[in-house]
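Trainee: Before the terms are applied, may I ask for the reasoning behind each of them?
Mentor: Please put the questions in turn, with the structure in view.

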Amino acid sequence: MIVFQGVSKHYTGHGVALEDVNFQIDPGEFVSLAGRSGAGKSTIIKLLIGEEKPSKGRVFFGQYEVNKLEDNELPAFRRHIGVVFQDFRLLPTKTAYENVAFALEVAGRPQREIAELVPQVLDMVGLGDKMKNFPNELSGGERQRVAIARAMIHRPEVVIADEPTGNLDPFHTFEIIKLLEKINQLGTTVVLATHDKEVINNLEKRVITLDKGRLIRDEKKGKYILV
Amino acid sequence: MFTIISRIFHFGFKNFWRNGWLSTATIAVMTLAAIGFLGLIIFGVVTRSAASAIQDKIDISVYFNTNTSEDEILNIQQSLEGLSQVASVDYISQDQALATFQQNHANDPTVSQAINELDTNPLEASLNVKAKDPSEYGAINDYLSSPDLAPYIDTISYAQNQDVINRLAAIVRDVNIGGWILTVFLALVAGLVMFNTIRLAIYSNREEIGVMRVVGASNSLVRGPFVVEGMLWGLIAALISLIVFAPILYFVSPYLNEFIPGLNIFQYFYMHIVQLFVYELLFGVVIGGLSSFWAVRRYLKN
């Protein structure tokens, strides 16, 4: 359902971010994007959600050709995806409940459905008792769980996580990865970008390894190897 | 559609409330701008009434020979009233002129005695002509100076006062033009201050806008709440500025009245409060809303 076809991304003055990258991700897969900082993991994610356009090549997501989407087509497209970031990106003036509800509100879902669904999902990520807290009243791990709840509440086809554990200690890292696995077991495709060797080696799932903007390895049950 | 609109308002109100400090600071600056705007409206009223106070003092009087009959004078009055430049024509008969004269010199026995010793009324009947615009006295004077009217007319005051009339007319014109230029210029400044304040407020929200975009919020749902917030800021700034302005005018009004007789600025404020509020509202809400609309625009790419 996700296809990268000969994708390159060059930044004027900053060199090459991606060079001729090809891969395909099928529905229901759990794929890790591995590599050092600056290897191109984040660039792949930005291209995937249409935040940037490739210099060369094509990016497909389901029936969408992402690189051809106009600004005003992006919102509707992004409702098919849930994204989790390293820096959480929660709305600071909204409570945990409202942050999660927002993903449904933007899709125009009725209030009744929102009031029913949000507490369920927050319960699932273990924050049932902190629904009314604002982000600054939550720990890093809790914030990331709110972000995950927001990313999955509208039942997206794909959840993309960009270094979701980068700001977390090993204990919370473990929690977050468990959550992502759970989401994957429920049938959602998960794309996880990380440079955390431990995380990737414990997952024992498909690993796409990047180095200096090139895809150097793509293995069904991969390990984090950078040589 | 209805859900989206109601959510836009809901989010707008909530952001307004939760961004308490930002709202307070923005409203404070917008209130200053609104007070400036209100001050300009009042300034306009003051200059206009000052100008019209001067204008009221300008007129020309036509004095008729004593042998001109009243009918002839009234005919001329009618023809004058038919002129497009003329605002009003007052007829002062010989008897009225005498009565006024006697009243003015009641405390001067020599003058009243001298008048009483005359058999006939020596004072001439006159027409008092006011023009719509002070610059038009020349044209009225030309009309009165035509040969047809020459037999009836003794003197026209314009010739004597021409210099003063022209100078006053120039002052009235300058005050009006200057007032307008100042108003437009300062209104522009006030508007820009508001716009920039809102731009800064929205700049501090740029990351939030990015988050909304990533979650898949449509442009109108991202932008709408900010526009609602901007309009709320404008609304509250308009209200506060009126509340602040009332006591200031109350104290200033008597002093202004000394300079420009007949001008009661506080009363004007009180009588026109609804109209002024509507102006303020338009100024605040429109600029607030539009500024937000524009300021969010640049963050809606990607």
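Mentor: One caution at the outset: this is a predicted model. A convenient place to begin is strand β3 of chain A, where 5 bridges lead to strand β8 (residues 189-194) of chain A, the two running parallel.

Trainee: Which residue stands opposite A:L33 in β8(A)?

Mentor: That residue is A:A193. On β9(A), the bridge partner of A:L33 is A:I208.

Trainee: What makes β3(A) and strand β9 (residues 206-211) of chain A count as paired strands?

Mentor: Pairing requires at least two bridges. There are 4 bridges between β3(A) and β9(A), which run parallel, so the requirement of at least two bridges is met.

Trainee: Why is β3(A) described as largely enclosed by the rest of the structure?

Mentor: A residue is buried if 20 or more other C-beta atoms lie within 10 Å of its own. In β3(A), residues 30-34, 5 of the 5 residues are buried, so the strand is largely enclosed. Both faces are covered, with A:F30, A:S32 and A:A34 on one side and A:V31 and A:L33 on the other.

Trainee: Why are α3(A) and α4(A) called oblique to each other?

Mentor: Their axes come within 10 Å and cross at roughly 125°. Roughly perpendicular covers 65 to 115 degrees and roughly antiparallel is over 145; the pair is therefore oblique. The crossing of α3(A) past α4(A) is right-handed.

Trainee: Which residues of α3(A) and α4(A) meet?

Mentor: From α3(A) come A:A96, A:Y97, A:V100, A:A101, A:L104 and A:E105, and from α4(A) come A:I114, A:L117, A:V118, A:V121 and A:L122. By class, this contact has 10 nonpolar, no polar and 1 charged residues.

Trainee: How many residues does each chain bring to the contact between the chains?

Mentor: Chain A gives 18 residues and chain B gives 17 residues. On the side of chain A that touches chain B, the largest share, 3 residues, comes from α3(A). That side of chain A has 8 nonpolar, 3 polar and 7 charged residues.

Trainee: How do you know that helix α8 (residues 206-215) of chain B is mostly covered?

Mentor: Of its 10 residues, 7 are buried, among them B:E208, B:I209 and B:R213. What covers the buried residues of α8(B) includes α2, β6, α3 and α5 of chain A, together with α9 and α11 of chain B. After α8(B) comes B:G216, with a positive phi near 100°.

Notes. Residues are numbered from 1 along each chain as its sequence is written. Chains are lettered from A and ligands numbered from 1 in the order in which they are written. This is a predicted model: local features need pLDDT of at least 70, side-chain atom pairs count only at pLDDT 80 or more; totals for chains, interfaces and linings use all residues. A residue is buried if 20 or more other C-beta atoms lie within 10 Å of its own, exposed if 12 or fewer, and partly exposed in between; C-beta atoms are placed from the backbone. Two residues are in contact if their C-beta atoms, placed from the backbone, lie within 7 Å. Ala, Val, Leu, Ile, Met, Phe, Trp, Tyr, Cys and Pro count as nonpolar, Asp, Glu, Lys and Arg as charged, and the others, Gly among them, as polar. Axes are lines fitted to C-alpha atoms, for helices over the stretch in contact, and angles run from 0 to 180 degrees between N-to-C directions. Angles under 35 degrees count as roughly parallel, over 145 as roughly antiparallel, 65 to 115 as roughly perpendicular and the rest as oblique. A crossing is left-handed if the near helix is turned anticlockwise from the far one by less than a right angle, and right-handed if clockwise.
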